[in-house]
Amino acid sequence: MSQRQRRRAKGRRSRTPVRYELNLASSALVRALSIAAVILLAAHAAVALIHYRVEALPPLLRQLFDVDLENNLPTWFNEFLLLVACALLWIQSQSRRAAGDRWAGYWTVLCVGFLLMAIDEVAGVHETINSVIVMTWAIPAAIMAVGIGIAFIPFLLQLPADTALRFIVAGAVYLTGAVGIEIIGNDMVADRLRDTLGYKMATLAEESLEMLGLILFIHALLGLLLNPGGDEATATLRVD
């Protein structure tokens, strides 16, 4: 072997890909997400209580933690939760499609739906709609949610019973906040109560239920993806 060939062979050996591994336990991820949610919600409550009961706080500080405002820590966290759910749904849809599962399309529809929700979280599409229509967006959203739920009944019935129940509970919790308490909040805005402690507590309840619903949904997805038959789900991600 010539010297040039030896150098090429050595170069090929040096370019051997390095493998990185990440062990993921669903309980650890869900615990971390839950702790982050509690911290953000507690910060909102503390800032609101101090501002309305003790001393007026700087607008920048209130902007940073107010769950009713955009482009701040709670908004980015909600965006992250929606994107995590979207990624898990995409993985599930691709896995089911590769297996020839006739329900794969339902997973894809859910994935696209969560992607649109993530875009709305940042772009504030529903707030824009609220500003140009008389009726709150939550009413047509509730009707649409009911229609989608009915269309997905066959899909839910073919899932493992515990997974289907977790999906239903997560959806009910999320919609209670996103639609039910949203209507109450819109009524308070119409009554010019937006700059009050009561309204801030209403938005706290709304966002708490939305975050809880998303975390419950992520937990159910992880259980289905990583260990459908057990209580604890663990996976290893390898990147070459």
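Two residues are in contact when heavy atoms of one lie within 4.5 Å of heavy atoms of the other. With that in mind, look at the whole protein chain of this predicted model: among contacts between residues at least 6 apart in sequence, 73% join residues at least 24 apart.

**The whole chain**

Colour the model by secondary structure, and you will find 10 helices and two strands, which follow one another from the N terminus in the order α-β-α-α-α-α-α-α-α-α-α-β. If you then switch on a surface, the protein chain exposes about 14200 Å², with carbon and sulfur atoms supplying 66% of that area. Of its 240 residues, 37% count as buried.

**Helix H2**

Select residues 26-53, which form helix H2 with its 28 residues. From the first C-alpha to the last, helix H2 reaches 40 Å, close to the 40 Å expected at 1.5 Å a residue. Several of its residues are buried, among them Val-30, Leu-33, Leu-40, Leu-41, His-44 and His-51.

**The aromatic rings**

Next, show the side chains of the aromatic residues, for which a search of the whole structure finds nine pairs. Start with Tyr-106 and Phe-152, whose ring centres are 5.0 Å apart; their planes stand at 85 degrees, so this pair is edge-to-face. The pair links distant parts of the chain, since Tyr-106 sits in helix H5 (residues 104-123) and Phe-152 in the loop between helix H7 (138-151) and helix H8 (153-157), 46 residues apart. Tyr-106 is partly exposed at 26% relative accessibility, whereas Phe-152 is buried at 12%.

Keep Tyr-106 selected and add Phe-155: how are these two rings arranged? Their centres lie 5.3 Å apart and their planes at 5 degrees, so the pair is stacked. This pair also links distant parts of the chain, with Tyr-106 in helix H5 and Phe-155 in helix H8, 49 residues apart. Phe-155 is buried, having a relative accessible area of 1%. To see the wider setting, add Trp-103, Trp-107, Phe-114, Phe-167 and Phe-217, which ring pairs link with Tyr-106, Phe-152 and Phe-155 into a cluster.

**Two stops in helix H4**

Helix H4 covers residues 73-98, and Ser-93 is the place to go within it. At 1% relative accessibility Ser-93 is buried, and, leaving out residues up to four places away in sequence, Ser-93 touches Ala-104, Trp-107 and Thr-108. Measure from the C-alpha atom of Ser-93 to that of Thr-108 in your viewer: the two are 15 residues apart along the chain and separated by 5.5 Å.

Now move to Glu-79, which is also placed in helix H4. Which side chain of opposite charge is nearest to Glu-79? It is Arg-194, 18 Å away, and Glu-79 is buried yet has no salt bridge. Apart from neighbours within four places in sequence, Glu-79 is in contact with Ala-118, Ile-119, Glu-121 and Val-122.

**The salt bridges**

Side chains of opposite charge can pair when their charged atoms come close. In this model the count comes to three salt bridges. Select Asp-66 and Lys-200 to find one of them, where the closest N and O atoms are 2.6 Å apart. Asp-66 lies in the loop between H3 and H4 and Lys-200 in helix H10, so to speak two distant parts of the chain, 134 residues apart. Both partners are buried, Asp-66 at 9% relative accessibility and Lys-200 at 10%.

Then select Arg-194 again together with Asp-68, a salt bridge in which the closest N and O atoms are 3.1 Å apart. Arg-194 is in the loop between H9 and H10, Asp-68 in the loop between H3 and H4, and 126 residues separate them. Arg-194 is partly exposed at 43% relative accessibility, while Asp-68 is buried at 19%. Another salt bridge joins Arg-96 and Asp-101, with the closest N and O atoms 3.5 Å apart.

**Two loop residues with positive phi**

Most residues other than glycine have a negative phi. Asn-71, in the loop between helix H3 (59-65) and H4, has a positive phi near 55 degrees, and is exposed with a relative accessible area of 52%. Finish at Arg-192, in the loop between helix H9 (161-190) and helix H10 (197-226), where phi is positive at about 60 degrees and the relative accessible area is 80%, which makes the residue exposed.

Conventions
Residues numbered from 1 in each chain as written. Predicted model: local features only at pLDDT ≥ 70, side-chain atom pairs only at ≥ 80, totals over all residues. Heavy atoms only, no water. Helix = DSSP H or I, 4+ residues; strand = E, 2+ residues; numbered from the N terminus. Expected span 1.5 Å × (residues − 1). Buried < 20%, exposed > 50% of the residue type's maximum accessible area, 1.4 Å probe, protein only. Phe/Tyr/Trp six-rings, centres within 6.5 Å; stacked < 30°, edge-to-face > 60°. Lys, Arg positive; Asp, Glu negative; His and termini not counted. Salt bridge = Lys/Arg side-chain N within 4 Å of Asp/Glu carboxyl O. Areas by Shrake-Rupley, 256 points an atom, 1.4 Å probe, with all protein chains shown as cover.
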